[in-house]
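Subject: Structure handover

Dear colleague,

Please find the structure below, handed over for your own inspection. My notes come after it.

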Amino acid sequence: MTDQMTALILQGGGALGAYQAGVFEQLATHDYTPDWVVGTSIGAINGAIIAGNKPADRVPQLKSFWESLAPTEDWFSAWSPLAWGGAGTLFAPFYSDASKSTAVFSAITNGVNGFFKPKTGGGFDLGASVPIGQAGFYDTTPLRQTLLDHVDFAYLNAGAVRLSVCAVDVETAEMRIFDTNDSAPLTPEHIMASGALPPAFPPVMIDGRAYWDGGIYSNSPLEVLLAENRNRDALVFMVDLWDPTEKLPQSMAEVMDRQKAIQYSARATQQLNEQHRIEELQQAIRALAAALPPEALKAPELAALASKGCDRTVNVVHLIMAALDTDNQFKDVDFSAATVKARWTAGNADAARALTHKAWLEPVPPHAGLVIHDLEQQ
């Protein structure tokens, strides 16, 4: 391949996003520097930290961000028998569940350090009128300072790594892409808008428009990347946080967990299949146009059709975080230090396996457009 672009597609998923950070750490270790990061929700936050820091600072800033979110009194993690070794591991399941429960209860009742906090004042009258910027159960203003602490916005907007973050216009239900290639610079508000998941979080106002989390429209925005650079090869690491192949639920809690996983993962699979067909058709158009006599392409109608073709191969390395046995319907708000570390480690290990196999270096069929490399879960 010539002039191949490297890109990251980062899905939304709250606390599950630690997996993406682990993936990136492994990619950075092997000098896979992204030219472009496209993110939604927590993927937008991770993406901003990656694109908004110099190469040597990216992993340290990701670690600082994720460590800062752990509950202040996460003593279950600190005193876990897993750290004791020996007979202490017999009690590990109890302490693991307790740590998760403590972290989730803390997030729901107290919020998450530097991310969101319960709204003060007012009640829970769902019919009461509220300003649109306050239409949520939590206040996300702490996230603004956290972003300023971990993202160099001057460096981000200088464009060393392109960043696109996805949000949804509340009034029109249309996807809006905020991009460092735009004339207006990205600010913390653009990143916050991409992560404003209703009804927990209020929309973020930008230029008089209200925006919600892009994940409610498309949680794996691969199409943002494929809509551009139609004649440039690309190696894309698409990092998904919701396991589409979990077991049948056996309780109402598992039903709620499974419903959320399907909601946020199913469209990713459908999107990959659709984009694969589109890319193959675009390759076919290019091949057919190349077979026409040059004189024929002088006709405006044929020239317009030929312009729909493309000449590129996009290799998508598809990494999907496997669900933990102890996961439940609140896994996306489990910011406990132990769980964050487990997800980070899993992302690191999966990326290492992908880089060992390097499936994207294998020969591809002629005129291949989109080639998907699914990493088998372990």
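What follows is a summary of what was found, from the whole chain down to single residues.

The model is predicted. The protein chain has 378 residues, and 48% of them are buried. Its secondary structure comes to 12 helices and 11 strands. Contacts between residues at least 6 apart in sequence were also sorted by separation: 77% of them join residues at least 24 apart. The chain exposes about 18,100 Å², of which 58% is supplied by carbon and sulfur atoms.

Pocket and cavities

The largest pocket has a volume of about 680 Å³. It is lined by 30 residues, and those closest to its centre are Leu-197, Ala-200, Lys-260, Asp-332 and Val-333. Three elements give two or more residues to this lining: helix 2 (42-51), helix 5 (92-110) and helix 10 (252-291). Helix 10 gives the most, with four residues.

As for enclosed space, a search of the whole structure finds three cavities of 30 Å³ or more. The largest cavity holds about 60 Å³ of space. Its lining consists of Ile-45, Phe-115, Thr-140, Leu-143, Met-192, Gly-195, Ala-196, Phe-201, Pro-202 and Val-204.

A buried position

Val-317 lies in strand 10, which covers residues 314-320. With a relative accessible area of 3%, Val-317 counts as buried, because the cut-off for buried is under 20%. Leaving aside residues up to four places away in sequence, Val-317 touches Leu-235, Val-236, Phe-237, Met-238, Ala-354, Trp-360 and His-373. Val-317 and Leu-375 are 58 residues apart in sequence, while their C-alpha atoms are 7.3 Å apart in space.

An exposed position

Leu-305 belongs to helix 11 (residues 300-306). Its relative accessible area is 53%, and the cut-off for exposed is over 50%, so Leu-305 counts as exposed. Together with Leu-292 and Leu-302, Leu-305 makes a nonpolar surface patch of about 240 Å².

If you want starting points for viewing, I would suggest the residues closest to the centre of the largest pocket, including Lys-260 and Asp-332, then Val-317 in strand 10, and then the patch made by Leu-292, Leu-302 and Leu-305.

Regards

Methods: Residues are numbered from 1 along each chain as its sequence is written. This is a predicted model: local features need pLDDT of at least 70, side-chain atom pairs count only at pLDDT 80 or more; totals for chains, interfaces and linings use all residues. Side-chain values use heavy atoms; hydrogens and water are left out. Patches are made of residues with over 30% relative accessible area and no salt bridge: like charges are joined within 9 Å, nonpolar side chains (Val, Leu, Ile, Met, Phe, Trp, Tyr) within 5 Å. Accessible areas come from the Shrake-Rupley method with a 1.4 Å probe; for residues, only the protein chains shown count as cover. A salt bridge is a side-chain nitrogen of Lys or Arg within 4 Å of a carboxyl oxygen of Asp or Glu. Buried means under 20% relative accessible area, exposed over 50%, partly exposed in between (1.4 Å probe, protein chains only). Contact means heavy atoms within 4.5 Å. On a 1 Å grid over the protein atoms alone, a cavity is a set of points where a 1.4 Å probe fits but cannot get out, and a pocket is an open set with protein on both sides within 12 Å along at least five of seven lines; lining residues have an atom within 4 Å of a point. Grid points are joined across faces, edges and corners, and a volume is the space filled by probe spheres set on the points.
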